[in-house]
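Reader: Got a minute to walk me through this one? I'd like to start with what counts as buried, then move around from there.

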Amino acid sequence: MATPHNRANPGDIAETILLPGDPLRAKFIAEHYLEDAVLFNDVRNMFGYTGYWNGVRVSTMGTGMGIPSISIYTEELCRFYGVKKLIRVGSCGAMQPDIKLYDIILAMSACTDSSINNYRFDGGSYAPTASFDLLYRAYEHAGSLGITPHVGTVTSSDTFYTIDGEDISWQQWAAYGSLAVEMESAGLYTTAARHGVQALSILTVSDSLVHGQEVSSEEREKAFTTMMEIALQLA
Ligand code: HPA
């Protein structure tokens with residue numbers, strides 16, 4: 001049985017899935033990290049593959065950008081395909097001065113300017129939170145690689161482009177300790193919680209709102225490798 005956005009059959013997708021925003025990243029993960037990878041989805045070019053990493057069955061699929069997109073794909077993964085561990089591997093913009101380009105952030109929780117949960121909870125504000133088990137293991141594994149990730153809350157924003165004076169400034173989130181801005185984690189954590197499954201966002205810093213710096217496209221690959229090493233250990 002397919003869904004409107006996924007042509008996989010039940011059983012085609014592993015219990016653990018790595019979720020980059022970009023579907024071509026999912027293709028890259030399949031080609032570089034997985035053995036015997038088989039394509040299970042190409043609806044809307046949202047490529048998904050299942051293969052093996054160190055003998056463990058693992059899938060990867062793009063999510064697209066933003067909370068609505070990741071919410072659609074992850075809802076279907078949980079509801080129709082029995083996925084149990086959802087690991088986002090994404091990028092983010094740092095909002096704290098001590099966070100550098102290429103640093104790794106483990107998103108313990110995700111604030112959001114999206115109204116998805118106000119609607120869902122009739123005006124109440126839900127706190128989308130990572131799986132402690134995945135968070136703890138990711139932190140431990142990063143340590144064994146000699147990396148100390150930043151751990152804390154991030155902000156999942158509905159807007160990438162903002163115009164001065166028309167939005168709540170990013171500094172307001174930063175003042176309350178948010179480490180970085182991205183666009184998906186609050187949707188991922190909320191969906192996973194509803195289905196009683198585990199989720200974690202592992203993020204590489206691709207730009208700094210504080211220092212106005214940006215990672216070059218060649219350098220993105222290097223940063224991505226570290227994040228993947230951490231993510232694959234969670235399978
Ligand atoms: N804003 C939103 N999402 C992002 C950013 C950003 O600055 N950098 C990487 N993902």
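Author: Sure. Buried means under 20% relative accessible area, and exposed means over 50%. Glu76 has a relative accessible area of 7%, so Glu76 is buried. One thing up front: this is a predicted model.

Reader: Noted. Which element holds Glu76?

Author: Glu76 is in helix H2, which covers residues 67–81.

Reader: And what does the side chain of Glu76 make a polar contact with?

Author: With the side chain of His5, at 2.6 Å. His5 is in the segment before strand E1 (16–19).

Reader: Is His5 buried or exposed?

Author: Buried, because its relative accessibility is 19% and the cut-off is under 20%.

Reader: OK, switching to the ligand. Which residues surround it?

Author: The shell is Ser91, Cys92, Gly93, Phe160, Val181, Glu182, Met183, Ser206, Asp207 and Leu209. The protein covers 85% of the 260 Å² of accessible area that the ligand has on its own.

Reader: Which pocket is the ligand in?

Author: The ligand sits in the largest pocket.

Reader: What's the shell like by class?

Author: Five residues are nonpolar, three are polar and two are charged.

Reader: Which strands supply at least two residues of that shell?

Author: Strand E5 (85–94), strand E8 (180–182) and strand E9 (198–208) each do. The largest share comes from E5, with three residues.

Reader: What lies by the nitrogen atoms of the ligand?

Author: I can give you two pairs. An N or O atom in the side chain of Asp207 is 2.8 Å from a nitrogen atom of the ligand. For Gly93 the atom is a backbone N or O, and it lies 3.4 Å from a nitrogen atom of the ligand.

Reader: Back to Glu76 for a sec. How far is Glu76 from Ser206?

Author: Their C-alpha atoms are 29 Å apart in space, and the two residues are 130 apart in sequence. Ser206 is one of the residues around the ligand.

Reader: Let's stay on E5 then. Where does Gly90 sit, and what about Arg88?

Author: Arg88 lies in strand E5, and Gly90 lies in strand E5 too.

Reader: Are those two buried or exposed?

Author: Arg88 has 2% relative accessibility, so Arg88 counts as buried. Gly90 is buried as well, because its relative accessible area is 8%.

Reader: How far apart in space are Gly90 and Thr204?

Author: 6.3 Å, C-alpha to C-alpha, with their positions 114 residues apart in sequence.

Reader: And Arg88 to Arg7?

Author: Those C-alpha atoms are separated by 21 Å, and the residues are 81 apart along the chain.

Reader: Change of topic: helices. How many residues of H6 are buried?

Author: Eight of its ten, so helix H6 (residues 185–194) is mostly covered. The buried ones are Ser185, Ala186, Gly187, Leu188, Tyr189, Thr190, Thr191 and Ala192.

Reader: What follows H6?

Author: Gly196 follows H6, and its phi is positive, near 65 degrees.

Reader: That's a glycine. What's the usual sign of phi for other residues?

Author: Most residues other than glycine have a negative phi. Against that background, Asp36 has a positive phi of about 50 degrees. Asp122 also has a positive phi, near 50 degrees.

Reader: Where are those two aspartates?

Author: Asp36 is in strand E2, residues 35–41. Asp122 is in the loop between helix H3 (116–120) and helix H4 (132–144).

Reader: Buried or exposed?

Author: Asp36 is exposed, because its relative accessible area is 63%. Asp122 counts as exposed too, at 74% relative accessibility.

Reader: Last one, what about Pro149? Where is it?

Author: Pro149 is in the loop between H4 and strand E7 (150–156). With a relative accessible area of 6%, Pro149 is buried.

Reader: How far is Pro149 from Leu106?

Author: Pro149 and Leu106 are 6.5 Å apart in space, C-alpha to C-alpha, and 43 residues apart in sequence.

Definitions and conventions:
Residues are numbered from 1 along each chain as its sequence is written. This is a predicted model: local features need pLDDT of at least 70, side-chain atom pairs count only at pLDDT 80 or more; totals for chains, interfaces and linings use all residues. Side-chain values use heavy atoms; hydrogens and water are left out. A residue is near a molecule or strand if one of its heavy atoms lies within 4 Å of it. A polar contact is a pair of N or O atoms within 3.5 Å; within protein, one must be able to donate a hydrogen and the other to accept it, and residues adjacent in sequence count only if both atoms are side-chain atoms. Accessible areas come from the Shrake-Rupley method with a 1.4 Å probe; for residues, only the protein chains shown count as cover. On a 1 Å grid over the protein atoms alone, a cavity is a set of points where a 1.4 Å probe fits but cannot get out, and a pocket is an open set with protein on both sides within 12 Å along at least five of seven lines; lining residues have an atom within 4 Å of a point. A molecule sits in a cavity or pocket if more than half of its atoms lie within 2 Å of its grid points. Helices (H or I, at least four residues) and strands (E, at least two) are DSSP runs, numbered from the N terminus. Ala, Val, Leu, Ile, Met, Phe, Trp, Tyr, Cys and Pro count as nonpolar, Asp, Glu, Lys and Arg as charged, and the others, Gly among them, as polar. Buried means under 20% relative accessible area, exposed over 50%, partly exposed in between (1.4 Å probe, protein chains only).
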